[in-house]
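User: Please show me the sequence and the model. I should then like to ask about its spaces, its rings and some of its residues.

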Amino acid sequence: MTTRSSLLQIAAHSLLLAYLLGGVSGYISSAGVGGSKTKCTDAERQALLHFKDNLEDKNDILSSWSNDEYKNNCCLWDGIRCDNKTGHVVMLDLSHMDLSARGKYTSPPLIELRYLNYLNLNSNNLTMNHISSLIGNDVMVSLQHLDLSGSGIEGPIPETLGNNMTSLSHLDLSQNNLQGSIPKSLGNMSHLEHLDLRDNHLEGSIPEVFGNMATLAYLDLGQNNFSGSIPLTFENMTSTLTHLALDYNDLEGFIPNSFGQKLTSIAYLDLSKNKLQGSITHYFGNNMISLKFLALDNNELGGPIPESFGNFSALERLYLSFNILNGSVPITFGNMTALVYLGLRFNKLSSIPETIGDMISLENLDIGGNKVSGEIPNSIWNICSLQSLSAYSNNLSGQLPELTQSSSMCTNHSLRILLLSYNRIKGLFPNLSLFSDLESLDLSSNQLSGSVHPSIGQLSQLKFLDISNNSLQGVLSEAHFLKLSNVNFLDLTSNKLIFNVSSAWVAPFKLDTIYLTSCKLGPKFPNWLRTQDTYFMLDISKTGISDSVPNWFWNLSTGFQTMNVSNNQIRGKIADSIINWNSYPEIDLSSNQLEGGVPMFLFKATSLHLSRNKFSSINSMCGVTVDSRLSFLDVSHNQLSGELSNCWSHFKNLVVLNLANNFELSGKVPTSIGSLTHMQTLRLTNNKFIGEIPLSLKKCTELVVMDMGDNKLSGPIPSWIGKSLQNLVILILRSNDFNGSIPSTLCHVPYLQLLDLSANNISGKIPKCLKNFSAMRSSNATDNSTTIEHFYDSYNTSTTSGTSHYADQIQVMWKGILSDYGNTLRLVKSIDLSGNMLNGEIPAEITELVGLISFNLSRNNLSAQIPQHIGYLKSLDSLDLSYNHFSGQIPPTLALIDRLSVLDLSNNNLSGKIPTGTQLQSFNADAYMGNIGLCGAPLPKRCPGEEEPIAPSESTAEGDYKDGFISSGFYVSLGVGYVVGFWELCGMLVFNKSWRYVYFKFLNDFTDWFYVMAALHKPKFLRTHAISYQ
């Protein structure tokens, strides 16, 4: 019995095994895996060989593809599978084989594979081929799976693809160079389940026919150029669609309400990086119970976040950043307990609810760049899974030390990134003992005070530390850095921290970035820097160092980008050293006490700031024998003396050259400076250069600022300036010995807005063509900027480069005072020709420069009348015509310039009455002195016909004092009231320039109106009274 039972069991097992083996065999056969006896047809073999002939097979992957007798069964070739019964090729898979097409196929090589149901050429290089050049237009009717993604195909999607390949269930054409629109025929693919067209150049609108594809579960149209709105027909794919990606397009309009109502199966929805507008429909969250991924970021969505988002119980990742969403983060967010990532940055959200702490799975919260105010919810610190919290650039307040108590429920807090910069967080530096996994800590630009808690030194995983721009103070000892062996970024800038470490201290870290501005490192040069030999950026400016620079410092790092040691009291000479830099850095040694010659090795820098030191020579630059990369050189305010060496030809990359205010540089300007053809700023002011401006400078056609004032240059002003230097904005040649006349070619410089030729020996007439200065014909800044900036290469290494900008700061003679202008330099529009020997009249055409703010022609030999239309210069703030020979009356239009704050017409031959106008009478009499024929206020001389004020008679005066109500107290009250009332009104006019302009303009306009009305009604008044008299 037992034996029979065993036999029956063996038989049953055998039958089951046979059944299973038969099933596997059937599956393999249906999958197209042929046996060794199956042979492919000759036509299909030749088609495959034709396909191979145009392929470059670098790795010899297709070596099995051959016509040789022992290899001619294509069913056995790599990547090929045949039907087990018919021998037809049913599967071709050459994905990820690094094959490259040698060109476009002249005829579709795969057209003979009529029974193919699986084709995968993913991740090869079939550039220059279209879909139709590979598979034809209408033959592969059996194809069910087509993957040409990442293969470099181009051209349009054929209309026939949708008409003939109706059996397709999987179509992937992503990551190619397809162009044109999506053919509507794709809607005919009634069996299609997967469609991926991502990362092409497709355009036009998304076809409505997608709504007819009832079986479609996966649709990715992202990273194209689609425009228009999202089709409403998408709502028809209610039960099948699980993945929809339309990101990185130009879609506009609203998100359809139906998305929240009918796409009930959707698990992945990406509409990010479009131009979608309006508010997020409140239907979101109501029915999308399967949604795990939702991206709506980088659109123009506004309004509040719907409360219904709290229904996304399965949601794991939510991206809403870079919109204009406002209001509070909904309280219901606490219900999304599966959420891992929440991105809300750069919106206009105002608060975070306490329920945020209920999101127990949250790992990354980014709410930076909003308007969130109040304290950080304590519940956040109870999310033990939280790894990254970014809440920078908000209005957060409160204190941080409380987080150590709030997070005590987390035995293992996993926070790695904490970014809270640019808020208003106050109080003491927090105790970070519970956050041992921290890798990035940014508390910069807050209002933290007190000392740095020593727990910072226990963060052994910390890599990034930025606590700059606070009010921290106190001592930093070696304990504060004890375990910071992984830190590579350290920024303590703009605090009052004092480093108190021994000279023998060896820092545990190797820093890439060191920013210690305004910390106290000195007076000795910090010896611990000696181990920081891999830094890229170093800033120890304003750190109280009053030592000399040790020689090891210059060779500390071979590939650094920036070095800033400015604004210290570093003294002594810099010895010339052999350096082994493999970079071209930016070096700033300005505002120190360095002296002697500038060593040659510093000229290897790309940007060199040496101003405000005691350097005596830069002649070592002549030792540079190869073309330098130096693009910025500022050696102003030093003690350079003698002649400049004529060896500038190796510095052709210079954009800014500033040698101003050395006072003892002499000799002629070197001709080789003309080889600096990229130069935009040249400043040689306040030196003792002699001779003419070198002709070679005409090659510096990119010059914007040319400042050679306060030297001893001579000769005529070169006519080539106006012909060659067409980009000039500022030309300052004041206080030299230039002679001759103003060249008319100067009028050809259209952007010139500051011209200072004062204090020279220039004669002749003022050119009428000065009206051509187009920058002065408008009161607006030429480029909507208030500064004049130049961009230059600041550093250059083997792996990266940087660009910096320099804003010119120029000394301008303004209202008789030499002042520095930088932040508003672009707004200064001035012509100063004073202190010369100009003669003739002021050209009437000058009055067309309506943007002119300062006009100084004083101390010349100009004559004739002041132009009658000078009042057209309504932007004038300063006008000086003193010490000339002007005659005639002051033009009445001058009273129309309501912005005028400085006026000097003294010492001329003007006559007649000073025009009546509140503005002109507000100046001191000194502005009109020395004109014998002038009369009227504010001069004491009265004009003929003006009556003297009548003094009250003694009896009248006495009668007035007999009024019992008028007591001494009355006069005291009257005086106090007058003073208070006067200064309440006039004080604002004195101290508020814009109010003063408005006030005087109002008075002028009112006077003009009153005069016109009086003139109109006077005849009627006379007629009326004449009739009454008769």
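User: What volume does the second largest cavity have?
Analyst: The model is predicted: local features need pLDDT of at least 70, side-chain atom pairs count only at pLDDT 80 or more, and totals for chains, interfaces and linings use all residues. Residues are numbered from 1 along each chain as its sequence is written, and side-chain values use heavy atoms, with hydrogens and water left out. A cavity is a set of points, on a 1 Å grid over the protein atoms alone, where a 1.4 Å probe fits but cannot get out; its volume is the space filled by probe spheres set on the points, which are joined across faces, edges and corners. For the second largest cavity, the volume is about 70 Å³.

User: How many residues of each class line the second largest cavity?
Analyst: Lining residues have an atom within 4 Å of a point, and here they include Val-452, Ile-456, Leu-465 and His-480. Ala, Val, Leu, Ile, Met, Phe, Trp, Tyr, Cys and Pro count as nonpolar, Asp, Glu, Lys and Arg as charged, and the others, Gly among them, as polar. By class, this lining has nine nonpolar, one polar and no charged residues.

User: Phe-481 is in that lining; with which residue does Phe-481 form a stacked aromatic pair?
Analyst: Rings of Phe, Tyr and Trp (its six-membered ring) pair if their centres lie within 6.5 Å; planes under 30 degrees apart count as stacked, over 60 as edge-to-face and the rest as tilted. Phe-481 is buried at 4% relative accessible area, where buried means under 20%, exposed over 50% and partly exposed in between (1.4 Å probe, protein chains only). The stacked pair has 5.7 Å from centre to centre and 20° between the planes, and the partner of Phe-481 is Phe-499.

User: How many residues apart are Phe-481 and Phe-499?
Analyst: Strands (E, at least two residues) and helices (H or I, at least four) are DSSP runs, numbered from the N terminus. Phe-481 lies in the loop between β32 (471-476) and β33 (489-491), and Phe-499 in strand β34 (residues 496-499). This pair links distant parts of the chain, for the separation is 18 residues.

User: Among the 33 aromatic pairs of the whole structure, why is the pair of Trp-381 and Phe-435 classed as it is?
Analyst: Trp-381 is buried at 3% relative accessibility, and Phe-435 is buried at 2%. The two ring centres are 6.2 Å apart and the planes stand at 80°, so the pair is edge-to-face.

User: How far apart in sequence are the parts that Trp-381 and Phe-435 tie together?
Analyst: Trp-381 belongs to the loop between β24 (373-375) and β25 (388-390). Phe-435 belongs to the loop between β28 (426-428) and β29 (440-442), so the parts tied together are separated by 54 residues.

User: Which residues lie nearest the centre of the second largest pocket?
Analyst: A pocket is an open set of points with protein on both sides within 12 Å along at least five of seven lines. The second largest pocket has a volume of about 280 Å³, and its lining has eight nonpolar, four polar and three charged residues. Of the 15 lining residues, those nearest its centre are Met-600, Phe-603, Lys-604, Val-624 and Val-626.

User: Is Val-624 buried or exposed?
Analyst: Val-624 is found in the loop between β42 and β43. Apart from residues up to four places away in sequence, it touches Met-600, Phe-603, His-650 and Phe-651, a contact being heavy atoms within 4.5 Å. Its relative accessibility is 14%, so Val-624 counts as buried.

User: Over the ring of which residue does the charged end of Lys-604 sit?
Analyst: A charge sits over a ring if NZ of Lys or CZ of Arg is within 6 Å of the ring centre and within 35 degrees of the ring normal. Arg-629 lies over the face of Tyr-584, at 4.1 Å from the ring centre. The charged end of Lys-604 is 5.4 Å from the centre of a ring, that of Tyr-584.

User: What is the relative accessible area of Ser-631?
Analyst: Ser-631 is placed in the loop between β42 (614-617) and β43 (632-634). Leaving aside neighbours within four places in sequence, its contacts include Thr-606, Asn-653 and Tyr-792. Ser-631 is buried, and its relative accessible area is 3%.

User: How much space lies in the largest pocket?
Analyst: The largest pocket has three nonpolar, nine polar and four charged residues in its lining. Its space amounts to about 350 Å³.
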